[in-house]
Amino acid sequence: MRAMLLDTPRRLLRTADLPTPAPQAGQVLLRVAACGVCRTDLHVIDGELPRPKLPLVLGHQIVGRVVDAGGAAGLATGARVGVPWLGWTCGACEYCRSGYENLCPRARFTGYDLDGGYAEYACADARFCFPLPEGYADLEAAPLLCAGLIGYRCLRCCGDARRLGLFGFGSAAHIVAQVARHQGREVFAFVRPGDASARAFALRSGASWAGGSDEPPPDLLDAAIIFAPVGGLVPLALRAVRPAGVVVCGGIHMSDIPQMPYALLWEERVLRSVANLTRRDAEEFLPLAAKVPVRVAAVPYPLEDANAALADLREGRLSGTAVLVTQ
Ligand SMILES: [Zn+2]
Ligand SMILES: [Zn+2]
């Protein structure tokens with residue numbers, strides 16, 4: 001099969017011809033139709049996440065069809081499913097047994113510990129394959145699987161916040177903004193100062209205000225989510241939320257947070273992160289996305305152009321989510 005392969009961090013991916021993988025116990029073999037590109041992929045390529053499987057097929061927003069159901073129960077040949085970042089959990093540890101399988105110390109992640117979807121075929125544990133809402137084409141469904149799911153988990157952590165700030169307006173934010181609006185919240189978007197196209201994208205996606213991250217919002221926020229991997233945004237976000245407000249860091253990696261006065265955290269402001277996702281997030285979010293309905297801005301690239309898609313993401317040239325299309 002054709003695949004885009006990472007041999008070692010800090011190199012471009014290379015086109016490779018690999019044997020089609022054989023499903024192991026509990027796994028299904030999928031023909032990949034589309035796979036979303038995520039900022040986490042850049043962190044893996046840049047060596048900012050410490051222990052990827054190597055060589056590695058990246059990609060954890062996989063839309064595919066079952067071609068071999070193996071011995072896995074419940075999935076028929078031909079079924080369309082989505083595969084997210086969380087690829088396997090132990091099911092036995094205290095986190096798995098208490099609703100926090102996202103924190104399972106033995107968890108295995110798609111496109112990191114397990115080969116992912118930058119390829120024509122991929123194997124996945126059937127328990128971590130999700131049916132996708134019918135109204136979405138393959139291309140549009142892919143971004144729901146990480147941008148959508150992680151964004152939704154971040155949004156849940158904001159409780160009933162009515163005035164919501166989003167710092168960094170890309171793939172996840174454009175989905176979260178639409179869900180937040182559907183829930184009756186007001187969205188304030190913070191983009192790179194001077195980035196007019198990101199501001200316009202935010203306003204098109206449902207934000208009622210969009211400005212530079214160096215600007216104060218017109219009103220104090222009840223909560224804010226930081227999607228950009230920039231630690232310097234943490235004090236800015238804390239400054240923008242009201243007492244008892246929440247700031248959620250949604251990325252898997254962030255540059256260092258600068259020293260800041262305690263006064264920014266004082267008055268019971270909460271600063272927290274979101275790590276990975278649970279199956280419950282997927283079971284709640286995917287039907288909700290269809291109900292809103294979330295309109296996904298997907299930018300297609302042929303599989304072979306994965307390096308160009310990653311470069312466009314890195315340079316902030318995308319309005320929406322880059323998606324590799326393999327058929
Ligand atoms: Zn576990
Ligand atoms: Zn991701």
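**Helix packing, domains and core of the predicted model**

The buried residues of α5 are covered by elements that include α4 (171-182), β12 (186-191) and β13 (209-212). The model described here is predicted. Helix α5 spans residues 196-204, and its buried residues are A198, R199, F201 and A202. These residues lie on the same side of α5, because they cover an arc of only 160° around the axis. A196 and S197 are exposed. Both sit on the face of α5 turned away from its buried side. G206 follows α5. The phi of G206 is positive, near 115°.

Helix α8 was examined in the same terms. This helix runs over residues 306-314. Its buried residues are A306, A309, L310 and L313. They line one face of the helix, because they fall within an arc of 95° when α8 is seen down its axis. The cover over the buried residues of α8 includes two helical and strand elements named elsewhere in this text, β1 and α1, together with β17 (298-302) and β18 (321-325). G316 comes just after α8 and takes a positive phi of about 70°.

The domain assignment divides the protein chain into domain 1 (2-146 + 277-325) and domain 2 (149-273). Taken over C-alpha atoms, the centres of domain 1 and domain 2 are separated by 25 Å. Across the boundary, 24 residues of domain 1 are in contact with 19 residues of domain 2. On the side of domain 1 that touches domain 2, α1 (39-45) and α7 (279-291) each supply at least two residues. The largest share of that side comes from α7, with four residues. By class, the residues of this side of domain 1 comprise 14 nonpolar, six polar and four charged.

The largest nonpolar core holds 112 residues. Within this core, L166, V176, A189, I226 and A237 touch the most other members. Both domains take part: domain 1 (2-146 + 277-325) and domain 2 (149-273) each give the core at least three residues. The contacts of A237 can be listed. With residues up to four places away in sequence left out, A237 touches G165, F167, A224, I226 and V247. I226 thus appears among the contacts of A237 and is also one of the core residues that touch the most other members.

Strand pairing was considered next. Strands of a sheet pair through backbone hydrogen bonds, either parallel or antiparallel. In this model, an open sheet of three strands has the order β2-β1-β4. Its pairing is antiparallel. β2 and β4 (56-57) are the edge strands, each pairing on one side only. Strand β1 covers residues 2-6 and is joined to β4 by two bridges. β1 and β4 run antiparallel. Opposite L5 stands V57 in β4. Strand β1 also belongs to the cover over the buried residues of α8.

A loop lies between β2 (14-17) and β3 (27-36), and P19 has its place there. P19 counts as exposed because 7 C-beta neighbours lie inside 10 Å. P19 and A142 are 123 residues apart along the chain. The C-alpha atoms of these two residues are separated by 24 Å.

Conventions:
Residues numbered from 1 in each chain as written. Chains lettered and ligands numbered in written order. Predicted model: local features only at pLDDT ≥ 70, side-chain atom pairs only at ≥ 80, totals over all residues. Buried ≥ 20, exposed ≤ 12 C-beta atoms within 10 Å, placed from the backbone. Arc of directions from axis to C-beta. Contact = placed C-beta atoms within 7 Å. Domains from an automatic or database assignment. Nonpolar A, V, L, I, M, F, W, Y, C, P; charged D, E, K, R; others polar. Pairing = 2+ DSSP bridges. Core = buried A, V, L, I, M, F, W, Y, C linked by C-beta atoms within 7 Å.
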